[in-house]
Structures are given as structure tokens and as C-alpha cells.
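User: I'm new to reading protein models and I'd like a close look at one part, the region around the parallel strands. Could you walk me through it and then show me how the rest is laid out?

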Amino acid sequence: MKILLIEDDLDLGNGVRFALADQGFDVIWVRRKEDALHQLELCVPELILLDLGLPDGDGMSLMTRLRQQLRGMPVIILQDRLCGLDAGADDYLVKPFVLAELLARVRALARRSYGFENEAIEIRGLSLHIPTRRVTVSARHVELTASEYALLETLMLRADRVLTRRYLEERIFGTKENLSNALDVHMGNLRRKIGDGFVRTVRGVGYVIDTVPVQKAAG
């Protein structure tokens, strides 16, 4: 998940960025309202952490703008409970806060934004329990390596979305280098362990797990 962190405090920003990155989140950190607007022109994050006290502008006005332009975007504010929720934030944390609490709020919003309110994801008999990293197929336990699990979790959290090979390589291996062979190996092992019919190849693009099986054309 790509997170835009908008926080001007150097120590707090560094702490939050490292804590989120350590949990596998892709974090873009900016310290000014102007920089945040510039980043939003370059790419759309999947969740925003917003400090309301920014040095070059009111964070509340930015919150209002986010709600107008990015409807449905999960936003957690990092300062004022009442004002932030009135402006449409999804959650809040009052400073100083414990990083473990922030991580819990982020994970909860991430699951909600992907359409999964619970800690377990189940698609057509394939089940993944996030806290324990337990994977089952029709109640049969499946043992996965760390990379195989990361690959499956990434696909299941984004079910019905075609994920490119480049995206998966960056998410699983943390590099933009060409690792096509490595991805093929892990994908092959994952498919062998969970069985056929779950991961669909979209030729020339990438892979997807469909919540409803895609019927093959006749003939």
C-alpha cells in the first residue's frame, strides 16, 4: 500500500516513516502543503496521514480539498479530533501517540479500503488470516515461504485488480530491477501449493485473483 505522510515534524516524520516501511508499506513523506499537492499530481496514494499544523498552510483546507478531489480516500489526521472528523477524516490520533497504535489504525483502514473489514480474507475457499499469516484452501493448511505469502497477500488484498509484473516485483522483492524469472518461480510455487483456478494470468500485463471465476470463451 502506498501511503502519503504529510508531517512537518522531523523526528515524528522519520519515526512514522521507518515504522510503516518496516511493516511493508510504501511511504512518501513530505513536510509542506505545497509538496503534498505536488505529490498528489504525480501519483495517487492509497491512504493519507495528515498533520493539520503545516508551516505553509492550514492542514484543514488541505483536508477539505482532499475530500473534494479524492472521494473515498482513507485519511488519518494527526492532531485535532473534532475539526478533523468534521472535515471528513476517517480516523484521528492526538499527539503524542504510540507508533503501535498508528500501525493498528493504518492496517484497519487498509483492510476497509480493500473491502475486507475482518482480519481474515476468504475468496472461493482460499483463506488468509492476516495476524497469524495462516493460509488454508478448503480448510487444508498450506505452508508458504515469506515471499510466497507476500505475493498471495498482495493479490488477495487487491482482488479483482490486475497487478502488473513490475508492481509485484517492487512489492515482493523491493527493487525496480528486472526480476521476471524470480517472480515466475515464486508464482509457480504459489500456484502449485494453493491449486489451480485462483491466480489468473493476464497476458502481457500481470496477474489477478478474481472473486468470481472468469469463464473461458467457448470454442
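Analyst: Of the 219 residues in the protein chain, 42% count as buried in this predicted model. The chain's secondary structure comes to eight helices and 14 strands. Among contacts with a separation of 6 or more, 55% are between residues 24 or more positions apart.

Now for the parallel strands. Begin with strand β1, residues 2-6, which runs parallel to β2 and is joined to it by five bridges. One place to spot this pairing is K2, whose bridge partner in β2 is D26. Strand β2 covers residues 26-30, and four of its five residues are buried, so you can think of it as mostly covered.

β1 also pairs with β3, again in the parallel sense, this time over four bridges. Look for I3 here: its bridge partner in β3 is L47. Strand β3 itself is residues 47-50, with L47 and L49 pointing one way and I48 and L50 pointing the other, and all of them are buried. Then β3 is joined to β6 by three bridges, and those two strands run parallel as well. In that pairing, L50 stands opposite I77 of β6.

Step just past β6 and you meet a residue that deserves a pause. L78 sits in the loop between β6 (75-77) and α4 (81-86). Is L78 buried or exposed? L78 has a relative accessible area of 1%, and the cut-off for buried is under 20%, so L78 counts as buried. Which residues does L78 touch, once you set aside its neighbours within four places in sequence? They are L5, E7, L49, L50, D51, L93, K95, F97 and L102. You can match some of these to what we just saw: L49 and L50 are among the contacts of L78, and both belong to β3. Another thing to check on screen is G53, which is 25 residues from L78 along the chain, while their C-alpha atoms are separated by 9.0 Å.

Next, the helix that sits between β1 and β2 in the numbering. Helix α1 takes in residues 10-22. At 1.5 Å a residue, its 13 residues should span 18 Å, and the end C-alpha atoms are indeed 18 Å apart, so the expectation and the model agree. The buried residues of α1 are G13, V16, A19 and L20. Those residues cover an arc of only 140 degrees around the axis, which puts them on the same side of α1. It helps to remember that an α-helix has 3.6 residues a turn, so residues three or four places apart point the same way. Turned away from the buried side is a face of α1 that carries the exposed residues D11, F18 and D22.

Both ends of α1 have something to find. At the N-terminal end, D9 acts as a cap: one of its side-chain oxygens lies 3.2 Å from the backbone nitrogen of D11. Just after α1, G24 takes a positive phi of about 95 degrees.

Helix α3, residues 59-69, makes a nice companion, with G59, M60, L62, M63, L66 and R67 buried. Seen down the axis of α3, these buried residues fall within an arc of 155 degrees, so they line one face of the helix. Over on the other side of α3, Q68 and Q69 are exposed.

Further along the chain, the pairing is antiparallel. Four strands make an open sheet in the order β8-β9-β10-β11. Its edge strands are β8 (120-123) and β11 (140-142), each pairing on one side only. On average, neighbouring strands of this sheet are turned by 25 degrees against each other, direction ignored. To see one pairing in detail, take β8 with β9 (residues 126-129): they pair over four bridges in the antiparallel sense, and I121 stands opposite L128 in β9. Helix α6, residues 146-157, lies across β8, β9 and β10 (134-137), and runs at about 105 degrees to β9.

Last stop: strand β13 (residues 199-202) and strand β14 (residues 206-209), which run antiparallel and are joined by four bridges. T201 has Y207 as its bridge partner in β14. With three residues between them, β13 and β14 form a hairpin, and G204 in the turn has a positive phi of about 80 degrees.

Notes. Residues are numbered from 1 along each chain as its sequence is written. This is a predicted model: local features need pLDDT of at least 70, side-chain atom pairs count only at pLDDT 80 or more; totals for chains, interfaces and linings use all residues. Side-chain values use heavy atoms; hydrogens and water are left out. The expected span of a helix is 1.5 Å times one less than its number of residues. Buried means under 20% relative accessible area, exposed over 50%, partly exposed in between (1.4 Å probe, protein chains only). The arc is that of the directions from the helix axis to the C-beta atoms. A polar contact is a pair of N or O atoms within 3.5 Å; within protein, one must be able to donate a hydrogen and the other to accept it, and residues adjacent in sequence count only if both atoms are side-chain atoms. Two strands pair if DSSP finds at least two bridges between them. Axes are lines fitted to C-alpha atoms, for helices over the stretch in contact, and angles run from 0 to 180 degrees between N-to-C directions. Contact means heavy atoms within 4.5 Å.
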